[in-house]
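Here is a quick tour of a protein and its ligand. Have a look at the fold before reading on.

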Amino acid sequence: MGLCVWLDASKPERRPVHMSNLSFNISFGAYCLKAAGDSENSMSRTVQVAEPRVGVLGFGYWGPNLVRNFAEQNALAAVCEQDPSRRKKAQSQYPHIQIFADYDDMLKSGQIDAVAIATPVEFHYTHAKAALQADKHVLVEKPLARTTRECLDLITTAKGRDRRLMAGHTFLYNAAVRKIQQMLHAGELGDLLYIYAQRLNLGIIRQDINAMWNLAPHDIAIIHHLTQKNPLRVSARGLTYLRHNLPDVVFMLLEFPNNIAAHIHISWLDPQKMRRMTIVGSDKMVVYDDVSADAKLQVYDKGVSKVSEDKGKQAPSSFGEFQLLIRSGDLLVPNIHFEEPLRGECAHFLECIKTGRRPLSDGWDGLRVVSVLEAADQSLGQGGIPVDINPSIFRNAPPIASETT
Ligand SMILES: NC(=O)c1ccc[n+]([C@@H]2O[C@H](COP(=O)([O-])OP(=O)(O)OC[C@H]3O[C@@H](n4cnc5c(N)ncnc54)[C@H](O)[C@@H]3O)[C@@H](O)[C@H]2O)c1
């Protein structure tokens with residue numbers, strides 16, 4: 001089958017490109033491969049970029065971490081920042097890259113294949129949409145957008161242009177979270193019963209969003225990957241102390257199919273830094289303490305077993321014939337090799353661009369998180385009543401990605 005290659009002439013750099021058993025030199029950049037004879041619409045597809053060049057938008061608090069990680073992976077090509085003092089800082093730290101003051105200029109420059117967005121949440125949708133429309137692959141910091149409608153539009157736009165869209169759910173790239181996921185999928189914990197999470201600290205207090213929108217996306221994303229289920233409904237109660245109408249402390253309950261539930265306690269008004277999640281399975285229980293230096297994961301071989309009072313009977317005919325036995329076994333602290341989760345996140349984004357692979361935290365993952373936050377907002381406004389999440393928004397979603405799929 002013959003191959004046609006379309007090249008973006010704005011990028012004259014020559015680099016070798018390897019595709020399965022093909023290897024040849026071409027002018028590198030955004031390009032498109034098409035099997036000869038296929039119709040443009042049905043079969044044309046984007047070819048993976050061999051060495052993606054990333055532009056980071058926003059060099060405030062979090063942007064420099066993305067910049068550092070992409071620079072360490074030889075993928076940083078540009079930074080865009082509207083604040084002159086922050087631009088100066090970026091330029092002094094990375095003198096070899098181009099610094100832009102205007103986002104459109106960076107998108108039009110021909111310097112980048114992908115954008116990583118670290119601007120405040122209110123701009124995520126417009127910045128991500130503009131990048132996708134300029135045919136860039138996009139990594140958006142959490143949360144993906146403000147509404148499920150915005151998320152769905154980004155997913156559709158990315159699909160239409162065959163670009164990778166990824167949400168910055170950093171904790172999914174944490175070795176401890178991956179280990180819990182592996183244990184659950186291997187059946188080591190038995191059936192997943194419930195999860196509770198606490199993400200507490202004194203500050204950082206954001207001016208633009210409440211504590212739930214700022215902190216809960218991490219826990220919600222982890223919980224979706226552990227349950228491997230779309231959320232059914234959410235209830236949330238908030239406590240507001242510092243500013244009008246922006247809760248500082250939030251307690252939220254997420255419900256999933258099969259009687260699985262998750263509770264999240266969020267606060268930026270707490271004396272202790274705590275990032276802790278307890279996962280209760282029918283056979284074993286796990287405590288994930290992200291702040292602990294040497295025991296991030298503790299696996300308890302504990303549980304409650306139902307046994308028949310009449311040992312001779314195979315299956316008791318009524319509940320009264322059961323006896324509940326508390327089982328308390330060993331505590332295991334697995335030896336896990338940790339690296340900075342953001343490093344893994346950035347490497348995964350680059351790998352997805354190179355290979356065309358679906359990101360672990362894809363647009364649907366971003367939508368799932370925002371659907372919970374949106375419903376929780378409604379619940380907060382109505383005194384904590386349970387708010388159903390419309391299942392039709394997940395109609396076209398593929399199964400939740402995991403390391404093993
Ligand atoms: N994954 C994580 O663990 C994590 C941690 C912290 C923050 N974040 C996320 O990172 C994002 C940014 O948070 P932050 O704390 O860095 O915010 P910030 O306000 O400190 O920084 C945002 C920067 O973007 C710049 N900016 C805004 N609009 C721009 C535009 N149109 N062109 C150029 N520059 C523009 C601002 O000047 C500012 O410097 C948020 O979405 C936040 O949720 C993620």
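## The big picture

Of the 405 residues in the protein, 37% are buried. Keep in mind that this is a predicted model. The chain forms 10 helices and 20 strands. Among contacts with a separation of 6 or more, 64% link residues 24 or more positions apart.

## The nine-stranded sheet

One sheet has nine strands and is open, with mixed pairing and the order 19-18-17-16-12-15-14-13-20. Its edges are strand 19 (322–332) and strand 20 (387–388); each has a single partner strand, so one side of each lacks a neighbour in the sheet.

Strand 13 (residues 233–239) and strand 14 (residues 249–255) run antiparallel and are joined by seven bridges. In one of these pairings, leucine 239 has valine 249 of strand 14 as its bridge partner. Helix 10 (residues 363–381) packs on this sheet, where it touches strand 13, strand 14 and strand 20. The direction of helix 10 makes about 55° with that of strand 13.

## Around strand 9

Now over to strand 9 (residues 114–117). Which way do its residues point? Ala114 and Ala116 point one way and Val115 and Ile117 the other, and all are buried.

Strand 9 pairs with strand 6 (residues 54–57) through four bridges, running parallel. Four bridges also join strand 9 to strand 10 (residues 137–141), again in parallel. Alanine 116 turns up in both pairings: it is the bridge partner of valine 56, and its own partner in strand 10 is leucine 139. Add helix 5 (residues 121–133), and strand 9, that helix and strand 10 make a right-handed β-α-β unit.

## Helix 2 and what it packs on

Helix 2 (residues 63–72) has a set of buried residues: Gly63, Pro64, Leu66, Val67, Asn69 and Phe70. What do they pack against? The buried residues of helix 2 meet strand 6, strand 7 (76–80), helix 3 (84–93), strand 9 and helix 9 (341–355). So strand 9 shows up once more, as one of the packing partners of helix 2.

Just past the end of helix 2, asparagine 74 takes a positive phi of about 55°.

## The ligand shell

How many residues surround the ligand? The shell has 22 residues, and the closest are Gly58, Gly60, Tyr61, Trp62 and Glu141. Sorted by class, the shell holds 10 nonpolar, seven polar and five charged residues.

## Backbone oddities

Two cis peptide bonds deserve a look. One joins lysine 142 and proline 143, with omega about -15°; proline 143 sits in the loop between strand 10 and helix 6 (148–160). The other runs from glycine 203 to isoleucine 204, with omega near -10°. Isoleucine 204 lies in the loop between strand 12 (192–202) and helix 8 (211–227).

Then there are positive phi values in residues other than glycine. Aspartate 162 has phi near 50° and sits in the loop between helix 6 and strand 11 (165–168). Asparagine 259 has phi near 65°, and its place is the loop between strand 14 and strand 15 (261–267).

Is asparagine 259 buried or exposed? Asparagine 259 counts as exposed because it has 9 C-beta neighbours inside 10 Å. Aspartate 162 has 14 other C-beta atoms within 10 Å, so it is partly exposed.

Terms used
Residues are numbered from 1 along each chain as its sequence is written. This is a predicted model: local features need pLDDT of at least 70, side-chain atom pairs count only at pLDDT 80 or more; totals for chains, interfaces and linings use all residues. A residue is near a molecule or strand if its C-beta atom, placed from the backbone, lies within 6 Å of it. Ala, Val, Leu, Ile, Met, Phe, Trp, Tyr, Cys and Pro count as nonpolar, Asp, Glu, Lys and Arg as charged, and the others, Gly among them, as polar. Two strands pair if DSSP finds at least two bridges between them. Helices (H or I, at least four residues) and strands (E, at least two) are DSSP runs, numbered from the N terminus. Two residues are in contact if their C-beta atoms, placed from the backbone, lie within 7 Å. Axes are lines fitted to C-alpha atoms, for helices over the stretch in contact, and angles run from 0 to 180 degrees between N-to-C directions. A residue is buried if 20 or more other C-beta atoms lie within 10 Å of its own, exposed if 12 or fewer, and partly exposed in between; C-beta atoms are placed from the backbone. A crossover is right-handed if, with the strands pointing away from the viewer, the path from the first strand over the helix to the second runs clockwise.
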